[in-house]
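Hi everyone, thanks for coming. Please bring up the sequence and the model on your screens, and we'll walk through a few places together.

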Amino acid sequence: MFRFRSLLSCLIMLTTASAVAQDETRLLRFPAVNGDRVVFTYAGDLFTVSTSGGVARRLTTDIGYEMFARFSPDGKNIAFTGQYDGNTEVYLIPADGGIPQRLTYTATLGRDDISDRMGPNNIVMSWRDNNTIVYRSRQHEFNDFIGQLFEVSRQGGPSVQLPLPRGGFCSFSADGKSMAYNRVFREFRTWKRYRGGQADEVWIYNFDNKTTTNVTNNPAQDIIPMWAGNKIYFISDRDERKRLNLYVYDMTTRETRKITNFTEFDVKFPSLGDKAIAFETGGQVYLMDLTTEQVRKLSIVIKEDFDSGRGSLQDVSKAVTNFEIAPDGSRALFGARGDVFTVPEKYGNTRNLTSTPGVHERNSKWSPNGKWIAYIGDATGETELYIIPQDGSGEPVQLTKNADTYKYQMYWSPDSKKLLWADKKLRLQYVDIDTKDVTLVAQATAWEFTDYAWSPDSKWIAYGKPEEKRMNTIQLYSVEGKNTIEVTDGWFSSSEPAFSSDGKYLFFVSDRTFSPTYGQTEWNHIYSDMACIYFVTLAKDTKSPFEPKSDEVKIKEEAKDDEKKDSAKKEDGEKKKKDAGVTVKVDPDGLQTRIAVLPISSANYRNLQSVGDKLFYIRAGRRDEKPTLFMYNFDKQKETELGEINGFEISADGKKMIVGAQGSYAIIDLPSSKVDMKEKLDLSDMRVKLDRRAEWNQIFAESWRQMRDFLFTPNLHGVDWPAIRKTYEQLLPYVNHRTDLTYIIGEMISELNIGHAYVGGGDYPKPERINTGQLGATLERDRSTGFYKITKILKGQNWDKQLRSPLTEIGVKAAEGNYILAVNGKSTGGMKDIYEALVNSVGKQVTLTLNSKPETAGSWKTVVIPTANEQGLNYYNWVQKNIQKVSDATNGKVGYVHIPDMGVPGLNEFAKYFYPQYGKEGLIVDVRGNGGGNV
């Protein structure tokens, strides 16, 4: 009996182990360990599990993202970075779970997201002791690259900055007198094998003698130090594979050893526990025993409902990517969230023609005969052209095959027999929808084709050709003759070709207006708004619409019978000819000499569309606040402004127009005066039944294709890109949160070893952002009374919204050395953190009770309006301090300029500070922390 039970127990154990192995969950992130418990993040929530593995238990359920959980040294509490109250802050819960306690109240930053390359704000780094949590924050930092280390009590209260100008991941010695840390924080950048100036080192800071010592000194990334005994563990990509692995630095021998040897995935985000180090690789949690240095993987199973990964019926009317109009204007065509919809002008149902959550259909277009809707889709795993019956009654027909690159917008020929498109391999092609034969129209060598159009008789294609050694030109391709005619020369950049509806003219946009603007700071010039709309008469005998006119008297004579018959025959013949359609005639000889211009102002123009004697277009020049729709009437030779419209399309019959502005759309009669969108299209029934997993798989595949097709070097830095896809594809089944998909894509793209290939955004649940008001001051708590003393007020320029310092504004009575006794009547003496009283106060009136002493007698009240953050103020004060320092050191002979980036903000800082100091004998130009740009 004993043997039977033992055998049965073994079988049960084997079955259980098999089930665990089978159901094992991956994509477990930011693990931490203490004693026999592990905590980690999965799908945005915290989970805990035994160090033996098994089924994990959820600790948090907030809509926001919880991360970087860290056990207190005694294992009783967990500090973590969370988003419970609308901002990313430090929170505390009991190790077994419980109600989160918010510990910090900081400014809400613009860049504060787990998908951002700067990483989220207020990241919990470590515990200094059982009462003190250390976190990295950018709450005061004007440079997004840099953060400082702060400590906060587990009871809450004001945070105190550690005495270091910057810091990242850190770990403390057993006596607390020293700290191993990283100065730079770049772990969220999708850039592996980095060897540049921001490659981090492990440093040791001594709090007593305030010395800093480098213990790694390697060009590779040496990050996330963990101090245990006389050893400092860290991860590095210094080996021959340049894969992040776990290393150890022995402080006695000063030798560094490699501990792990993972080759497929990097070791990510390790953390130190009391007996082991926990880390992630390949989405799985591993533990390294501190005594034996043995490494083992935990088999962890998560059994939850994961609502964030489930599908739902979702409104996509605010996610429109393209909009078009039916040939007769009775319906509108929309692309949204990868599906193709048609919406009635007034009556009828909204139709989702594709309804394929795992396929991305885009760039849809209605055929002029009304029968088909064409789109680009990736159902095969590559982008191909498809057509589908306009009412959705039939299956899609695939027109192209064997795609080898990304396809751009396609256009129907007016006879509805062909589709024209461009691609990333610099080709312009069309396909016959009956034979499915593909014809190459043109092959560029400089850039992709972006502007191309059919003639009204479907026999000519006009396109803007990207040129290598001259300005872009307009070309004409004959579908019948297979020959190409150059319309414009290479002296002036030309684009946006569009045929007139009668086929007599070819309109285009060209940069031929030279009217420079001179700068006020120095005698220099720029050229902008250089474009105007031009046209060419295609046939020699076509008269200009601007030919001289003369009003003459018409003499009426009685026609003879024979002349009447001839006239009737002529009119009948002209009517038949008109009914037969337009025939475009092109005379190449002298074509470039027949160019004329519309008498309109120079600006930027796009979307030229012709109907009869009218030309419609969008103008978006420097002087235009918003894109504006215009019409030029050739008969009246007059331009009319039709309103602020983002985009439009005219129906094939020339009678209707769809317009879009501010997220709304309307089908209107062809306008001749101000557009009125009073009857907007009802998009409320544009809904999709989400299958998030199918979407996530598609997004992953498309991201992989995008890098394959668009990376600047065709050999992809020698990376086996299909193999890399297979490596990271194995993590896809475990995605239950959109940011985890972003993480996988980012890690995959990182393998290409390039900068500025960052991943972010996406549809995932986000808490409502609730700002905490800032006073533009440094506050220090009085230990005896609890009141807050203003120790420093940041100087500002209150006439500039970005540099407003609330306590220095007109009418505010506050000074350094004053005490804040109350906020909106509530005493600060009993507040753990004064900023808790300033939550949701940005831009609102707040009444402060102040006094020069920490007592109520003699106090006064003043009203301030808090600002959202102090980053701009801190930067301004830092610059002013540097200016003064340089001036003092040189008796005012040398000036100082800091350039924070090479974009518009950096240019503005240069202009603000260079010209006022132009007369000095020298100038220090400081580019520390420069964020880059285009200058």
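Let me start with a question: how far apart are the mean positions of the positive and negative charges of the chain? The answer is 3 Å, with 121 positive charges and 122 negative ones going into those means. Please keep in mind that this is a predicted model.

Now for the overall picture. The chain has 935 residues, and 53% of them are buried. Its secondary structure comprises 65 strands and 7 helices. If you draw a box along the principal axes, the C-alpha atoms fill roughly 120 × 90 × 50 Å. About 44,200 Å² of the chain is exposed, and carbon and sulfur atoms supply 49% of that area. As for contacts with a separation of 6 or more, 50% of them are between residues 24 or more positions apart.

Let's go to some strands. Find strand E24, residues 284-289, where 5 of the 6 residues are buried. Which strands pair with E24 here? One is strand E23, residues 276-281, which joins E24 in the antiparallel sense over 6 bridges. Another is strand E25, residues 295-297, also antiparallel to E24, with 3 bridges.

Tyr286 is a nice residue to click on. Its bridge partner on the E23 side is Phe279, and on the E25 side it is Lys297. The turns are worth a look as well. E23 and E24 form a hairpin with 2 residues between them, and Gly282 in that turn has a positive phi of about 60°. The hairpin of E24 and E25 has 5 residues between the strands, and there Glu293 takes a positive phi near 60°.

Next, please scroll along to an open sheet of 4 strands. Its order is E36-E37-E38-E39, and the pairing is antiparallel. Why do E36 and E39 each have one side without a neighbour in the sheet? Strand E36 (407-412) and strand E39 (438-443) stand at the edges with a single partner strand each, so nothing in the sheet flanks the other side. On average, neighbouring strands of this sheet are turned by 20° against each other, direction ignored. As a reminder, strands of a sheet pair through backbone hydrogen bonds, either parallel or antiparallel. For one pair in detail, take strand E38, residues 427-432, which is antiparallel to E39 over 5 bridges. In that pair, Arg427 stands opposite Gln443 of E39.

To finish, two loop residues. Lys674 sits in the loop between strand E56 (664-669) and strand E57 (687-689). Is Lys674 buried or exposed? Its relative accessibility is 56%, so Lys674 counts as exposed, the cut-off being over 50%. Leaving aside residues up to four places away in sequence, Lys674 touches Glu641, Leu642 and Gly643. Leu642 is 32 residues from Lys674 in sequence, while their C-alpha atoms are 4.3 Å apart.

The other residue is Gly197, in the loop between strand E15 (178-181) and strand E16 (203-206). With a relative accessible area of 80%, Gly197 is exposed too. From Gly197 to Tyr181, 16 residues apart along the chain, the C-alpha separation is 17 Å.

That's my tour. Thanks for listening, and do ask me anything!

Technical notes:
Residues numbered from 1 in each chain as written. Predicted model: local features only at pLDDT ≥ 70, side-chain atom pairs only at ≥ 80, totals over all residues. Heavy atoms only, no water. Pairing = 2+ DSSP bridges. Axes fitted to C-alpha atoms, helices over the stretch in contact; angles between N-to-C directions. Buried < 20%, exposed > 50% of the residue type's maximum accessible area, 1.4 Å probe, protein only. Contact = heavy atoms within 4.5 Å. Areas by Shrake-Rupley, 256 points an atom, 1.4 Å probe, with all protein chains shown as cover. Lys, Arg positive; Asp, Glu negative; His and termini not counted. Charge placed at Lys NZ, Arg CZ, Asp CG, Glu CD.
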